[in-house]
Amino acid sequence: MSGIKIRGTGRFAPAKIVTNDDLAKIVDTNDEWITTRTGIKTRHHCTTETHTDMCVNAARQALENAGISPEDIGACVVATFSSDYLSPSAACMVQRGLGLPYDAVCFDLNAACSGFLFAIHTMECLLAQAPRKYGLVIGAEMLSRFINWEDRGTCVLFGDGAGAAVVEWREDYPSIHAVLGCHGDPDMLGVTGSAHPEPAHVFMNGQATFKFAVKAVPYCIDQVLEKAAMSIEDVDFFVFHQANARIIDLAAKKYHIPPEKYYKNIQKYGNTSAASIPLVISELHDLGKVGPGSRVLVVGFGGGLTWGGALVEF
Ligand code: ACO
């Protein structure tokens, strides 16, 4: 046996709050459509804050929450595709911002909305070999930079934010039993890049993505439970990527998950891609809904296409 547990959490959202009514002044939409189709009421957009600010603030809070100092960190992985620079990585900027040791292994990875799951699994593997047994796992996204304001089908969905977790690796901790996967598809959902002449922007076939998501979520739940040899009753809390309130409610209904065992904050933040899962985990931790001993089944899905699940303990 060997694995990781979460020892502390933190989060950051930029100050500017954009309401559905604000968006209705820019594109042909309305609060009723956005609320009923997605569950989103507001989202945060960066103005003066940078991606680095979001990462560093969330990570600092997670370190304080864990009672760990920067010198104790052996590795830092940031899940993101919207960092301030293509290089240096966001993780290098966190190393600088927090003064992490020079031999800490710091890098970014891109698995879109599943990013936090890919990052926490990577961290579990890394810490087994790292000089120090604490790691920083951050999910951060500044999607407001990549909004196509001519596409009402996507511009209402996304927001900015960052969430962070300090994890500890020990030989006597259980594995998180991560299940990860991908199916390369450049057409369904993504952000354009250097292969495209126009400014980078989000694109999505909403209905196809919705169908993919409602299959991916139960697949991940079943696979993780099988790998961990546990049943749905063994799980204390369920954390889903916040892409659409209807996707979350459908999953809860399918598995008869009672309302007190899952959580939505999509109404406040919108879809923050890699930040959405750690934003939920950090809020739940502050609310005392998860804490020492809690077993949390985490599920994500998104661009790539990617999907992932894990049973993360506190
Ligand atoms: N306001 C008003 N009307 C709108 C808006 C809007 N903001 N956006 C679209 N519409 C209209 C469409 O034009 C369409 O009108 P029409 O029938 O006259 O053509 C109608 O609403 C229905 O459009 P659909 O796209 O079919 O709407 P749907 O019910 O599928 O909802 C949504 C769209 C909310 C995007 C949904 O498909 C969804 O949540 N998909 C999944 C999103 C997701 O999971 N993303 C994952 C990760 S994102 C990432 O990785 C970056």
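**View 1. What kinds of residues make up the shell around the ligand?** Counted by class, that shell holds eleven polar, ten nonpolar and two charged residues. Keep in mind that this is a predicted model. The ligand is surrounded by 23 residues, and T29, G206, A243, N244 and G302 are the closest.

**View 2. Helices that line the ligand.** Zooming in on the helices, three of them each give at least two residues to the shell around the ligand: helix 2 (31–38), helix 6 (152–155) and helix 7 (206–228). Which helix supplies the largest share of that shell? Helix 7 does, with five residues. G206, one of the closest residues to the ligand, sits at the start of the 206–228 stretch that forms helix 7.

**View 3. The annotated stretch, residues 107–183.** The name here comes from an unreviewed UniProt entry, which labels residues 107–183 as the domain "Beta-ketoacyl-[acyl-carrier-protein] synthase III N-terminal". Over this stretch the chain is 35% strand and 22% helix, and the C-alpha atoms at its two ends are 23 Å apart.

**View 4. Stepping back to the whole chain.** Here you can pick out ten helices and 13 strands. The C-alpha atoms fill a box of roughly 55 × 45 × 35 Å along the principal axes. The radius of gyration is 18 Å, which agrees with the value near 20 Å for a compact globule of 314 residues.

**View 5. Inside the fold.** Buried residues account for 52% of the 314 in the chain. As for contacts between residues at least 6 apart in sequence, 78% join residues at least 24 apart.

Conventions:
Residues numbered from 1 in each chain as written. Predicted model: local features only at pLDDT ≥ 70, side-chain atom pairs only at ≥ 80, totals over all residues. UniProt positions renumbered as here; feature names shortened; annotations may be inferred. Helix = DSSP H or I, 4+ residues; strand = E, 2+ residues; numbered from the N terminus. Rg over C-alpha atoms; globule rule 2.2 N^0.38 Å. Buried ≥ 20, exposed ≤ 12 C-beta atoms within 10 Å, placed from the backbone. Contact = placed C-beta atoms within 7 Å. Near = placed C-beta within 6 Å. Nonpolar A, V, L, I, M, F, W, Y, C, P; charged D, E, K, R; others polar.
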